[in-house]
Amino acid sequence: MADNGNNVVMTGNMTRNPELFFGASGKAYAKFSVAWNQSKRLPSGEWESIPHFFDVTCFDGLAEHVAESCNKGDRVTLTGEMRQDKWIDKESGGNRSKVVLVANEVSISLRWATATTVKVQKGNG
């Protein structure tokens, strides 16, 4: 990833299992979502939890490894960059957009789980 100033590190819980797809060229990509909660003190002194949800996409070997290794509820740390997907809504004809994190690293948090690693051959990930 080029250093364009759009570097993101995010830790959160996977809200759904990764879905693995293969494009027309055979290139693998996976999609999933991650959520984290922001705590905010209200004027009353009580705390409010504000959830934030982000769609995540990753490619190639990383996509295959995430689909094989991660599940809904897993605590993960991601590095990557934010991108804005844009499209025209088929029903209304209006412009739509959403921000997506394109991950180049996904790690399971060892604070909340244990993991066993299996190294892959160089060039497969």
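**Exercise 1. State how confident the prediction is, overall and by element.**

Solution. The mean pLDDT of the protein is 90, with 94% of its residues at 70 or more. The model is predicted, and low pLDDT is where predicted coordinates should not be read in detail. By element, the lowest mean pLDDT, 93, belongs to strand β6 (residues 95–108), and the highest, 96, to β2.

**Exercise 2. Describe the fold in terms of its elements, extent and contacts.**

Solution. Step one is the count: the protein has 1 helix and 6 strands. Step two is the order, which from the N terminus reads β-β-β-β-α-β-β. Step three is the extent: the C-alpha trace spans about 55 × 45 × 30 Å along its principal axes. Step four concerns contacts between residues at least 6 apart in sequence, of which 56% join residues at least 24 apart.

**Exercise 3. Characterise the surface and the charges.**

Solution. Of the 125 residues, 24% count as buried. The accessible surface comes to about 9000 Å², and carbon and sulfur atoms account for 48% of that surface. The protein has 15 positive and 14 negative charges, whose mean positions are 2 Å apart.

**Exercise 4. Locate F22 and list what it touches.**

Solution. F22 belongs to strand β2, which covers residues 19–22. Leaving aside residues up to four places away in sequence, its contacts are K27, A28, Y29 and E64. As a distance check, F22 and R75 are 53 residues apart in sequence, and their C-alpha atoms are 25 Å apart.

**Exercise 5. Classify the aromatic pairs and decide whether their residues are buried or exposed.**

Solution. The structure holds 2 aromatic pairs. In the F21–Y29 pair, the ring centres are 5.2 Å apart and the planes meet at 20°, so this pair is stacked; the cut-off applied is planes under 30 degrees apart. Y29 and F59 form a tilted pair, with 6.4 Å centre to centre and 40° between the planes. Y29 lies in strand β3 (residues 28–41) and F59 in strand β4 (residues 47–59), so the tilted pair ties together parts that are 30 residues apart in sequence.

For accessibility, partly exposed lies between the 20% and 50% limits. F21 is partly exposed because its relative accessibility is 30%. Y29, with a relative accessible area of 26%, is partly exposed, and F59 is partly exposed at 32%. To finish, F21, Y29 and F59 form one aromatic cluster.

How values were computed. Residues numbered from 1 in each chain as written. Predicted model: local features only at pLDDT ≥ 70, side-chain atom pairs only at ≥ 80, totals over all residues. Heavy atoms only, no water. Helix = DSSP H or I, 4+ residues; strand = E, 2+ residues; numbered from the N terminus. Buried < 20%, exposed > 50% of the residue type's maximum accessible area, 1.4 Å probe, protein only. Contact = heavy atoms within 4.5 Å. Areas by Shrake-Rupley, 256 points an atom, 1.4 Å probe, with all protein chains shown as cover. Lys, Arg positive; Asp, Glu negative; His and termini not counted. Charge placed at Lys NZ, Arg CZ, Asp CG, Glu CD. pLDDT = per-residue confidence, 0-100. Phe/Tyr/Trp six-rings, centres within 6.5 Å; stacked < 30°, edge-to-face > 60°.
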